[in-house]
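Subject: Structure handover

Hi,

Here is the structure for you to load. My notes follow below it.

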Amino acid sequence: MNDAKPTKTTANFREIFMGRCYQYDSAGLYEESATRNCEDLWMKFTAAVYGKTDTPEQDYEEFFDAALAGALRINNKALYWSKTGVYASLLGKYFENFVTVNMLLPGYILDGLSWCGSLDVPNGFSENDCPPWESRNGHMEYSFWAYASREFALSSVGKITVLINGSAGVLPYDKNSILRSIEMPSINGKKVSSAEIIVWLDHETHEEKESNFYYCDSDNVMALHKSLAEKLGKENVNCEENPAFIHHLNCAFNPKLQGCASCTQQLNFLIVFVVFAKVLFL
């Protein structure tokens, strides 16, 4: 969803859009899903992008209103992330106590897709390279994910979890990220009661760069802690580095990593569970 390299509109875009829409509805994947008119959603989405080079957030309003029809409440399951997209997706996919923005219908349909319009193509997508990702209102993909992320944050209730990468070599709570600029400011302190910040640290891959790691007490992570504490109260915000379930998940998909061989039967169970779930969702 955040790729600075030139891309074209994903091939067979309409077919993927419609297929995912019908799959989401027919499978009843999540409690937020309901029977929706996929053709109508397609028309509302393309109305926001066809014949344009820029799409401000508000142009997606009709699409989101239809896709998220009805009161949306994400109770104690909202998972936010920055620089940890793969892990966040795995947690959302295989653990029922986490829900990510790309598990709701709009994100489920558009996850991993690229698109852009053109003034010269009033009834279709551009055939040229799409503009690289920019954190600005108007960039078609950014505007979409900014809208989706704001709705996700406004709908969060109870406990939330924030998963950030402390070993990527860049600020985990970057001022230009959707997490910092859109999601955290949109958290409603009257609906959200507590927050768990999880800092993932990849000691295996980035061991030589550990001096540049960001931990719970690093200034940048503390900025995230402070922003949440101002809304929820300091006593309701906790930070933890590499908790056990993150380690187990990492070992489940990378069993040769150092420290994984000593994992107990709990890890073996997790591996079986993940494999079974992966087959089930194919």
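In which loop is the place of Asp 217? Asp 217 sits in the loop between β4 (192-200) and α8 (219-232). Please keep in mind that this is a predicted model.

**Charged patch**

Asp 217 is one of the members of a negative surface patch. The others in that patch are Asp 219, Glu 240 and Glu 241. Asp 217 has a relative accessible area of 62%. The cut-off for exposed is over 50%, so Asp 217 counts as exposed.

**Strands around β3**

Strand β3 covers residues 156-165. Nine of its ten residues are buried, so β3 is largely enclosed by the rest of the structure.

The pairings of β3 are as follows.

- β1 (residues 74-75) runs parallel to β3, joined to it by two bridges. Asn 75 has Val 157 of β3 as its bridge partner.
- β2 (residues 79-82) pairs with β3 in the parallel sense, over four bridges. Here Ser 82 is matched with Ile 164 in β3 as bridge partner.
- β4 also pairs with β3 in the parallel sense, over eight bridges. Ile 160 finds its bridge partner in β4, namely Ala 195.

**Salt bridges**

Side chains of opposite charge can pair when their charged atoms come close. How many salt bridges does a search of the whole structure find? The search finds seven. Among them are the pairs below.

Arg 14 and Glu 39 form one salt bridge. Their closest N and O atoms are 2.8 Å apart. This pair links distant parts of the chain. Arg 14 belongs to helix α1 (residues 13-27), and Glu 39 to helix α2 (residues 38-49). They are 25 residues apart. Arg 14 is partly exposed, at 33% relative accessibility. Glu 39 is partly exposed too, with a relative accessible area of 33%.

Lys 44 and Asp 40 form another salt bridge. The closest N and O atoms in this pair are 2.9 Å apart. Why are Lys 44 and Asp 40 separated by about one helical turn? Because they are four residues apart in helix α2. Lys 44 is partly exposed, with a relative accessible area of 22%. Asp 40 is partly exposed as well, at 29%.

Arg 150 and Glu 57 also meet through their side chains in a salt bridge. The N to O distance is 2.4 Å. Arg 150 lies in helix α6 (residues 140-154), while Glu 57 lies in the loop between α2 and α3 (61-67). The two are 93 residues apart in sequence, so the pair ties together separated parts of the chain. Is Glu 57 buried or exposed? Glu 57 has 12% relative accessibility, under the 20% cut-off, so it counts as buried. Arg 150 counts as partly exposed, at 27% relative accessibility.

There is also a network. Asp 54, Glu 134 and Arg 136 are joined into it by salt bridges that share partners.

**Where to look**

For a quick pass, start with β3 and its parallel partners β1, β2 and β4. Then go to the Arg 150 and Glu 57 pair. Finish at the negative patch that includes Asp 217.

Best wishes

Conventions:
Residues are numbered from 1 along each chain as its sequence is written. This is a predicted model: local features need pLDDT of at least 70, side-chain atom pairs count only at pLDDT 80 or more; totals for chains, interfaces and linings use all residues. Side-chain values use heavy atoms; hydrogens and water are left out. Patches are made of residues with over 30% relative accessible area and no salt bridge: like charges are joined within 9 Å, nonpolar side chains (Val, Leu, Ile, Met, Phe, Trp, Tyr) within 5 Å. Accessible areas come from the Shrake-Rupley method with a 1.4 Å probe; for residues, only the protein chains shown count as cover. A salt bridge is a side-chain nitrogen of Lys or Arg within 4 Å of a carboxyl oxygen of Asp or Glu. Lys and Arg count as positive and Asp and Glu as negative; His and the chain ends are not counted. The place of a charge is taken as NZ of Lys, CZ of Arg, CG of Asp or CD of Glu. Buried means under 20% relative accessible area, exposed over 50%, partly exposed in between (1.4 Å probe, protein chains only). Two strands pair if DSSP finds at least two bridges between them.
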